[in-house]
Amino acid sequence: NDHVRTFFEDSGGDGQPVLVYPGFTDPLEYAKASPLAQALKEDFRLVFADHRGQGRSDKPHEVDSYALTTRVADAVAILDTLGIGRAHYIGFSWGARLGFAIGEHAPERVLSLVLCGNQPYAWPVDGPMLRAVSDAVAAGREHGMVVFVETWESSIGERFPEPGRTWMLQNDPLALEAEFRSLFVEGSVSQDLTKWNVPCLIYAGEEDEMHESAARAATEIPGATFVSIPGHTHFSAERVSDQLLPRVLELFRSAPRARL
């Protein structure tokens, strides 16, 4: 799409298709290893994708390359390539933000949305998470990915666990900077979430600063469900499965089935 290649992996099979995107700095391997994906892999056709700028997708350094509508087009291109008309969608963090954008700009291509740890409104520039990522991006631009990761870890007061930390270190800091800067020109994903007609399950850790806005989105999207995960942060909520799997399965089963 726009001369930028997107890398994805298709598990194949006859199950209903589910397109899965990971978070910021994370390759698709992170999403593949998530407990939720592991719980779904026997019964669903899982398609994992690398965001542009991450993993094995191309990594442009221009901010304009990361416009939300362009990133939505990447996801649609994957479905087109695989001949999938509509798929369920799971997005973690940065992937959840993309999921909101798909719900706005390409709702005809999704059967349902499961969105973890993000929200569809303009970004809160004064939030601690945004400040932490901003500091890491600036450090990475000047000194490379090791300093990027160490700066982010210093901001949150903990070391990222393996193998995720090693995966983070394989990123291109200039591509990450362009991705991050794109946030500040996005604004809100939607002008009116009340007009949506996409089945949605939105969830966030109770200690995630995105929690309140994610819950608000669920009240505005008709029929959407919000799940608060007690005792979990932005980073840990996406590794939760037990509380979510029954709700995800219920959502998938109640949504229209894909025609394969």
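**Two pockets and helix α5**

In this predicted model, the lining of the largest pocket is made up of 19 nonpolar, eight polar and six charged residues. The volume of this pocket is about 520 Å³. Its lining comprises 33 residues, and those closest to the centre are F24, D26, W152, H234 and F235. At least two lining residues come from each of α5, α6, α7 (164–169) and α10. The largest contribution to the lining of the largest pocket is that of α7, which gives four residues.

The second largest pocket has a volume of about 270 Å³. Around this pocket lie 13 lining residues, and P128, M129, I156, E209 and F235 are nearest its centre. Two or more residues of this lining are supplied by each of α5, α6 and α10. By type, the lining of the second largest pocket consists of six nonpolar, three polar and four charged residues.

Helix α5 covers residues 128–143. With 16 residues at 1.5 Å a residue, α5 is expected to span 22 Å, and this agrees with its end C-alpha atoms, which are 22 Å apart. Within α5, the buried residues are M129, L130, A132, V133, A136, V137, A139 and G140. Elements that cover these buried residues include α6 (145–156), α8 (173–182) and α10 (234–237). After α5 comes G144, which has a positive phi, near 100°.

Notes: Residues are numbered from 1 along each chain as its sequence is written. This is a predicted model: local features need pLDDT of at least 70, side-chain atom pairs count only at pLDDT 80 or more; totals for chains, interfaces and linings use all residues. Side-chain values use heavy atoms; hydrogens and water are left out. The expected span of a helix is 1.5 Å times one less than its number of residues. Buried means under 20% relative accessible area, exposed over 50%, partly exposed in between (1.4 Å probe, protein chains only). Contact means heavy atoms within 4.5 Å. On a 1 Å grid over the protein atoms alone, a cavity is a set of points where a 1.4 Å probe fits but cannot get out, and a pocket is an open set with protein on both sides within 12 Å along at least five of seven lines; lining residues have an atom within 4 Å of a point. Grid points are joined across faces, edges and corners, and a volume is the space filled by probe spheres set on the points. Ala, Val, Leu, Ile, Met, Phe, Trp, Tyr, Cys and Pro count as nonpolar, Asp, Glu, Lys and Arg as charged, and the others, Gly among them, as polar.
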